[in-house]
Amino acid sequence: MKADGIIFDLDGTLWDSIVPVTESWNRVIERRLGKEARITTEDMHHCMGMLMEDIGAALFPELPREEMLSVLRECCEYENEYVAEVGGKLFDGVMETLKELAGRMPLFIVSNCQAGYIEAFFKAHGVENYFKDYENPGRTGLAKAENISLVAQRNHLKCPVYVGDTQGDCNASTKANVPFIFARYGFGEVKPEDCVGVIDSFAELADLVEFDAEERK
């Protein structure tokens, strides 16, 4: 398929950061709420792709909203520092394929994360130069569909594709009127009829998407 740019989800698409994220959150949770409140990687797995306040409600339902938000803010702040230092697990072929794709077309990231998290990904793995732009609700206050549209508009994209790993990613991409490619190796499930393509490894993307030079003129 042809595209004039690729917009990526982050968690479950480019990397798996569940272990370091869980480690960082538990350091804050243990100090703020006690050892009995610690979370597991499975808890965090269920929250991947959710908006921050929804994550807080799922993990700390017993806390008053203001206290929940306070704990959540502290977890996210420390998470950015920790993840930037220790990194996550890049999926197979990510580094090589990003380098190849970036030589052909502009690449972008739109993730449902807090401000600073994408920058932590860049710092941990040295991939910032592969991406032209990125966005998240922590910076804009917008939902994923709106952030996909925002990145497409400000970069003058006429026929981008979005690559993600959950039905939520697919729904947001569809709402933004951007064709969706399902990263089946990731964290979620997507209805096949909702996708224009499916990849079982990141490297497959290099053969699936062709740069549409005509649309970039």
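This tour proceeds through the structure selection by selection, from the nonpolar cores to two exposed loop residues. The model is a predicted one.

**The largest core**

Begin by selecting Ile6, Phe8, Leu14, Trp25, Ile109, Phe131 and Leu205, the residues with the most contacts inside the largest nonpolar core, which has 53 residues. Next, colour helix 4, residues 65–86; with eight residues, this helix gives the most to the core. In soluble globular proteins, nonpolar side chains tend to be buried together.

Centre the view on Ile6. Leaving aside residues up to four places away in sequence, Ile6 touches Leu101, Met105, Pro106, Leu107, Phe108, Val161, Val163, Leu205 and Val209.

**The second core and Tyr162**

A second core, separate from the largest one, consists of 17 residues, among them Ala145, Tyr162, Cys170 and Cys195. Select Tyr162, which is found in strand 7, residues 161–164. Is this residue buried or exposed? Tyr162 has a relative accessibility of 0% and therefore counts as buried, the limit being under 20%.

Now add Ile7 to the selection. Tyr162 and Ile7 are 155 residues apart in sequence, yet their C-alpha atoms are 4.7 Å apart in space. Ile7 is one of the residues that Tyr162 touches beyond four places in sequence; the others include Phe8, Asp9, Val110, Asp169, Ser173 and Phe180. Lys144 also belongs to this set, and its side chain is joined to that of Tyr162 by a polar contact of 3.3 Å.

**The aromatic residues**

Show the aromatic side chains as sticks. The structure holds ten aromatic pairs. In the pair formed by Phe121 and Phe122, the ring centres are 5.9 Å apart and the planes meet at 45°, so this pair is tilted. Phe121 and Phe122 are both buried. A pair of aromatic rings is described by the distance of the centres and the angle of the planes.

Then extend the selection to Phe8, Trp15, Tyr117, Phe131, Tyr134 and Phe202, which ring pairs link with Phe121 and Phe122 into a cluster. Phe8 and Phe131 have already appeared in the tour, among the residues with the most contacts inside the largest core.

**Ser24 in helix 1**

Move to helix 1, residues 18–33, and select Ser24 within it. Ser24 counts as buried because its relative accessibility is 0%, and buried means under 20%. Which residues does Ser24 touch, not counting those up to four places away in sequence? They are Tyr78, Glu79 and Tyr82.

**The second largest pocket**

Select Met52, Glu53, Leu69, Leu72, Arg73, Cys76, Glu77, Asn80, Gln114 and Ala115 to outline the second largest pocket. The space in this pocket is about 210 Å³. Helix 3, residues 52–59, and helix 4 are the elements that give two or more residues to its lining. The largest share, six residues, comes from helix 4, the helix that also gives the most to the largest core.

**Two loop residues with positive phi**

End the tour at two loops. In the loop between helix 8, residues 144–154, and strand 7, select His156. His156 is not a glycine, but it has a positive phi of about 55°. With a relative accessible area of 60%, His156 is exposed.

Finally, select Asn177 in the loop between helix 9, residues 167–175, and strand 8, residues 180–183. Asn177 has a positive phi of about 60°, although it too is not a glycine. The relative accessible area of Asn177 is 71%, so this residue is exposed.

Technical notes:
Residues numbered from 1 in each chain as written. Predicted model: local features only at pLDDT ≥ 70, side-chain atom pairs only at ≥ 80, totals over all residues. Heavy atoms only, no water. Phe/Tyr/Trp six-rings, centres within 6.5 Å; stacked < 30°, edge-to-face > 60°. Buried < 20%, exposed > 50% of the residue type's maximum accessible area, 1.4 Å probe, protein only. Helix = DSSP H or I, 4+ residues; strand = E, 2+ residues; numbered from the N terminus. Contact = heavy atoms within 4.5 Å. Core = buried A, V, L, I, M, F, W, Y, C linked by side-chain atoms within 4.5 Å. Polar contact = N/O pair within 3.5 Å; in protein donor to acceptor, adjacent residues only side chain to side chain. 1 Å grid on protein atoms, 1.4 Å probe; cavity = no way out; pocket = protein on both sides within 12 Å on 5 of 7 lines; lining within 4 Å. Points joined across faces, edges and corners; volume = space filled by probe spheres on them.
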